[in-house]
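Got your viewer open? Load the model, set it to cartoon with side chains ready to toggle, and follow along.

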Amino acid sequence: MNLHEYQAKQVLASHGVSVPRGEVAGNGDEAVAGAEKLGGDLWVVKAQVHAGARGKAGGIKVCKTHDEVRQAADGMIGELLINHQTGPAGKPIHKVYVEEGSDIARELYLALLVDRDSSRIAVIASTEGGMDIEEVAASTPDKIVSLSIDPASGLMPFHGRRLAAALELEGDQVKQAGKLLGAMYATFLSSDASMLEINPLVVTKAGDLVVLDCKFNIDDNAMFRHKDLAEMRDESQEDPAELEAHEVGLNYIKLDGTIGCMVNGAGLAMATMDICKLAGGEPANFLDVGGGATKEQVASAFRIIVSDPNVKAILVNIFGGIMRCDVIAEGIVAAAKELDLQVPVVVRLEGTNVDQGKKILADSGLALTPADDLSDAAAKAVAAIKGEA
């Protein structure tokens, strides 16, 4: 689950991290009221969406008067922010964050994330803040420093000193860097986060470290432990198909291909996507119906898959262990009749009640293409897209 910038800063501030003061607004009048409450003569109006690179898409405006604050807020709220991170569909802007201006001397990059290769939390830092870290990694990889935190010992004082050296900090800033890293690490652990990114982390002209922007991702599997964070979820920022799948107990992630995949088991789903690519196709999604899916869930899975206009064929790959092949077959037939499917459907069934499942499909009168094994299924799905089947 992702948090908005203002939510992430609230969580960080509760752990003692220095963030600029700000006010959330849902319209121009509220934005002006927020600016008046903050005082001063410089404010930044930021679109609150689950995407980065907002400034390049007009989602961040520096304002010097209350009229400019109102115009900036009204110009964003109700619109879509569209950039390379959101895709052409964009993300809806329902709120803006009015923040006090900061006197910036330097912009830095700092992030914590789960490094699955080492099974540790990694600290990523760079002096090139304010830029896409991918661009920095590609053009000047020597400017990115990575530290690994041993879970047995946890964060140690030397991590803060190494971070300060990597960011070219000096004097009191070294102590600030250690304190900031400690607060971020505590926030990361206590929230079951998967990523906590500060970009930019700024050094003010007064020499203070301040979090100017923040991304905060939390492991969905741990949300049952964090009801306070779960209440911050903004479903308007999520893919409608992924949201529907979550509501009916399915695991679905949209991809960019043309072969819709419905599989039981995450490992088998990954293997199915791989073999689709091996056969010359591209998977349109990851969809795991789980080991105990009902006929209704299978029908929902089909609805979600065909809601993607890019899907040109559907590959159903079921290994019936806990899941029964006849239940899957009944769900396929029900969905095909209800949705009047206009795309080819290739079905590979194996395991518990496989003969009953195949008979249900054969007796359905529907144009379903059976497959003998996974390689055969992938080849037939690719051929169907190419009009060869």
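Here is a walk through four stops.

Before you click: this is a predicted model, with local features needing pLDDT of at least 70 and side-chain atom pairs counting only at pLDDT 80 or more, while totals for chains, interfaces and linings use all residues. Numbering starts from 1 along each chain as its sequence is written, and side-chain values use heavy atoms, with hydrogens and water left out.

**Stop 1: the tyrosines.** Select Tyr6 and Tyr97. The structure holds one aromatic pair, and here the ring centres are 6.2 Å apart with planes at 35 degrees, so the pair is tilted. (Rings of Phe, Tyr and Trp, the last by its six-membered ring, pair if their centres lie within 6.5 Å; planes under 30 degrees apart are stacked, over 60 edge-to-face, the rest tilted.) Tyr6 belongs to helix 1 (residues 5-14) and Tyr97 to strand 7 (residues 96-100), 91 residues apart. Helices (H or I, at least four residues) and strands (E, at least two) are DSSP runs, numbered from the N terminus. Tyr6 is buried at 9% relative accessibility, and Tyr97 is buried at 7%. Buried means under 20% relative accessible area, exposed over 50%, partly exposed in between (1.4 Å probe, protein chains only).

**Stop 2: helix 2.** Now select residues 28-38. Which residues are buried in helix 2? Gly28, Ala31, Val32, Gly34, Ala35 and Leu38 are. They span an arc of only 160 degrees around the axis, which puts them on the same side of helix 2; the arc is taken from the directions from the helix axis to the C-beta atoms. These buried residues pack against strand 2 (22-25), strand 3 (43-47), helix 3 (66-76) and strand 7, with contact meaning heavy atoms within 4.5 Å. Spin to the face turned away from the buried side and you'll find exposed Asp29, Glu36 and Lys37. Just past helix 2 sits Gly39, with a positive phi near 75 degrees.

**Stop 3: Gln176.** Jump to helix 6 (residues 172-190), home of Gln176. At 17% relative accessibility, Gln176 counts as buried. Leaving out residues up to four places away in sequence, Gln176 touches Gly207, Asp208 and Leu209.

**Stop 4: residues around a pocket.** Select Val347, Arg348, Leu349 and Lys358, which are among the residues lining the second largest pocket. Strand 18 (345-351), helix 12 (354-362) and strand 19 (368-370) each give two or more residues to that lining. A pocket is an open set of points on a 1 Å grid over the protein atoms alone, where a 1.4 Å probe fits, with protein on both sides within 12 Å along at least five of seven lines; lining residues have an atom within 4 Å of a point.
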